[in-house]
Amino acid sequence: MPSNSRNLTASILVLAILAGATKALFFNTSLPPADFTFVNETEIKSLDPAIVTGHPENRIINAVFEGLTKLHPETLEPIPGLAKNWEVSDDLLTYTFHLREEARWSDGTPVTAHDIHYSMRRFLGPRTAAEYAYQAWYIKNAHNYSLGAKGLQVGDAVEVELNLPIEATNTRRGKILRGKLLSVEQEKKSSDQRVFVVEIDGKSIHYQPTDDESAAQNDPPKNTHWCRQILLDFRQVGIKVLDPLTLRITLENPTPYFLDLMGFYPLFPVNQKCVETHGSPQWAKPENIVTNGPYRVEFRRIRDRIRLRKSDTYWNRDTIQLNVIDALSVDAVTTSLNMYMTGIADWVTEAPGPTLRILRNQQPPRNDLNPSPFLSTYFYLLNTTRKPLDDIRVRRALALALDREEITSKILAAGEVPALGLVPPGITGYHPQQTTANDPEEARRLLAEAGYPEGKGFPRLDILYNTHEMHQTIAEVIRKQWQRELGISISTRNEEWATFLASQRQMQYNISRRGWIGDYADPNTFLDMFVTGSEQNSTGWNNAEYDRLIAAAGKESNEKARMEFFQQAEKILLDELPILPIYFYTSKNLVKPYVRGFYNNVQDFHPLWALWIDRDSDEPNEFMSTKGQP
Amino acid sequence: MIPFCFKRLLWMLLTLWVVFTLSFFLMRAVPGGPFDSERVLEPEIERLLKKRYNLDKSLFEQYRIELGNYARGDFGHSFKLTDYTVNEVIAQGLPISVTLGTFALVFALVLGLLAGIVSAVSRGGWADFTLMLIATTGVALPNFVIAGICIILFVFMIPIFPAAGWGNFDQLILPAFCLGAPYAAYVARIARTSMLDVLSQDHIRTARAKGVGPVRVVVVHALRGAMLPVVSFLGPAVAGILTGSLVVEQVFAIPGMGSHFVQAAIARDYTLAMGLVMLYTVLLFSMNWIVDLSYSVLDPRVKLN
């Protein structure tokens, strides 16, 4: 064979071998298919319930862990989970939970009240840095415990955690000494340099918090001891273990949705032994993690899938019908729709807007699409610290000149409802308040009164939104509506997500979009964001009466009176209009007709443990036959 | 050759340091941070999070710590995929991107060479015209447009390939083709030009005059010479394919480095984004290095210095 053609053959051979090798390397284990596959949007941040937020995490954590209560898949009522029953005191401040004897961790050990106690302490502990920690601040003294040294006052009972060697597992706690805080000495101006004088067993000892590394390397200042942290004595926090199967939780204020919060995933228990043996974040690896939920994590491939398999230690395993579930991580919405359409996925949570419109108008109507409202609002924030938005008449004029119908019927595709208030309909016992709908005549009058007749002299404001086709279209339509009705010219400005959030937070905007999804079915999750000093209130607006009403609602134990307070508060908000409500979102799930146990509900929450597959039934599944409550 | 490699290594370290420094400060100059979310964090919780990730320290102090970690080979934990270290994310993502890239390269070479040879041989004919039209279009079209067309054609109209995902061999074909297509077009044009060049040379005419058949002339006598420019294009092509799979990986939901990189940038995952930038730098640099080395092997006239 001539040399040149031998070279060619050789190079083709090399390529073929390379291709074959990669094929053998990465495709030799073809996965057996799952019973149920769904697109879980983006890759989850962690399997550690305490540190995550967000819907994708919610779906997975709810499948692999279980809290004291869990939420009913249709009504979202808290139903027994780890706790088989509970008693609530008459003042609604004390909850006594009775745990199930048969509840087990995936390593076979029983789940006890100590596990809940441990997990709650870990969740609240400052070193865990749980983003959702404030959801447990309803528990007595939990807020002060969470704040670490900042939550302490002289005279408090405190716990001093001593340093551990650097090589100790990072999730272990140092030795705990309990005593009374006598005084705090400020060494330098920096807050980390404080020395705490604590009385322990009759002796007063000086402690200075520092991290383990510097404690190991440096000697403490004279007459001072190092410690890891000083916290409120956890025994002051309203969580008591009465016996291994009984737990008592005491609250600061009556909190009607407290049982719902116990079914909220960040407060789910974790296994102390597992966490402390492996350390963070290794304990949350599929090969290490110990869970107590209906499913266990079989494996995790980053940005590919999480495979869940039915747990054989779960107390209620006989009711769990799906054996293997795949949660795919797909970031592109069009791609996930393609996967649904070609049968790779049985459930996708969203379809791109324009496609959704086509799907909704198909004849005969599709049997796998049933948009339904849930607790979430799309609105604009007005920066009330800037002229002319500091003038209430201008804000009202802008609101009155809006034609929300045009947006919901011509632009949005999933049957979204125009919003005249902040709190969406669908919360039991609450009557949503409404601002006046479209009234251009009045809007022009108000604007003239504010000194801008027919929009003359009105500064050129801009609408800020995060880069997204739908937000852009809405902003453009609103810009045109204001131009048409008020004669003012507004521009639009888009920013990429993280930049947009930073601008909003620093109030570097005139008008900005925001979407808000309720964490629990209560008006508080929407209304407390506009109290003075709230981190979420980036409008500069505040109102003493509003603050009073929200605070009063928090302390009120009579449900009717409580809702009354919220309604009055929302009315103030809608009179003063630091926000312009635009529409209430609807869910956009596409669910195959053979998927059963999937209900529309007001939180767009669909626990995996409630699902099953039935390919023989001709009847419409629960998803198509349920409407959301509103 | 040894001093050459040594020099290149020094240059690479210098480049890495410059890229690291630039990326570090650019990333932090962009507004927004890893802990920004629609729900603003309680200030105490945010303070604790920042402390844990050293973000409470001065920018220069952070830079010093990070650089020190990198010098020790510790890329740290991902900010947004907190269960994983950056090394673990790369360990899972790199083989996937390499597999995808290898197949894309195979597509690029096989299709490109075939098209180039055929159009060179039938120069001026309809085959030449059609193939070069396709090649020009292939160079001009971005790969996500090709991906869209391929999905409509081969997923929905003629359902022979899965829409997206990773794990089975058939899931690899479409993305590899879309990723390789622009490079196939380049290869076709390069192969055609060099083939035409070689076919007009004396030794080919001699071979023909001696009665060698047309297939044998092309495959045996002309191809070797025509391959050289194609081989020199392989270096940039490999680097381009490995670092250019961002969009294709997103469209086909492939958990490779491209997906990680895009999401890390969007979510301000400083550590993961930095790790991937450094990895891409090393890949690009070593590809160029290998090309330079291969020149000296293929062509004795090239001196390394």
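This is a short tour of a predicted model, moving from a helix pair in chain B to the contact between the chains and then to a group of strands in chain A.

**A helix pair in chain B**

Begin by selecting residues 170-199 of chain B, which form helix α7, together with residues 214-243 of chain B, which form helix α9. The axes of these two helices come within 8 Å and cross at roughly 155°; because an angle over 145 degrees counts as roughly antiparallel, α7(B) is described as roughly antiparallel to α9(B). The crossing in which α7(B) passes α9(B) is right-handed.

To see what fills the contact, show the side chains of α7(B), including L179(B), Y183(B), Y186(B), V187(B) and I190(B), and then those on the side of α9(B), among them A222(B), G225(B), P229(B), V230(B) and F233(B). Sorted by class, the residues of this contact comprise 16 nonpolar and 2 polar ones, with no charged residues.

**Where chain B meets chain A**

Next, colour the two chains separately and look at where they touch, a contact in which 52 residues of chain B take part with 51 residues of chain A. On the chain B side, the elements that each give two or more residues are α2 (43-52), α4 (86-121), α6 (143-157), α9, α10 (246-251) and α11 (257-266), so that α9, already selected in the helix pair, appears here as well. Of these elements, α4(B) gives the most, with 8 residues. The chain B side as a whole divides into 28 nonpolar, 14 polar and 10 charged residues.

**Helix α11 of chain B**

Stay with chain B and select α11, one of the elements that touch chain A. Because 7 of its 10 residues are buried, α11(B) is largely enclosed by the rest of the structure; the buried residues are M257(B), G258(B), S259(B), H260(B), F261(B), Q263(B) and A264(B). Following the chain onward from α11(B), stop at R268(B), where phi is positive, near 55°.

**Strands in chain A**

Finally, move to chain A and select strand β6, residues 157-161, with strand β7, residues 176-186, which pair in the antiparallel sense over 5 bridges. Within this pairing, look for E159(A), which stands opposite R178(A) of β7(A).

Then add strand β11, residues 229-232 of chain A, which also pairs with β6(A) in the antiparallel sense, here over 4 bridges. To locate this second pairing, find V158(A), whose bridge partner in β11(A) is L232(A).

Terms used
Residues are numbered from 1 along each chain as its sequence is written. Chains are lettered from A and ligands numbered from 1 in the order in which they are written. This is a predicted model: local features need pLDDT of at least 70, side-chain atom pairs count only at pLDDT 80 or more; totals for chains, interfaces and linings use all residues. Axes are lines fitted to C-alpha atoms, for helices over the stretch in contact, and angles run from 0 to 180 degrees between N-to-C directions. Angles under 35 degrees count as roughly parallel, over 145 as roughly antiparallel, 65 to 115 as roughly perpendicular and the rest as oblique. A crossing is left-handed if the near helix is turned anticlockwise from the far one by less than a right angle, and right-handed if clockwise. Two residues are in contact if their C-beta atoms, placed from the backbone, lie within 7 Å. Ala, Val, Leu, Ile, Met, Phe, Trp, Tyr, Cys and Pro count as nonpolar, Asp, Glu, Lys and Arg as charged, and the others, Gly among them, as polar. Two strands pair if DSSP finds at least two bridges between them. A residue is buried if 20 or more other C-beta atoms lie within 10 Å of its own, exposed if 12 or fewer, and partly exposed in between; C-beta atoms are placed from the backbone.
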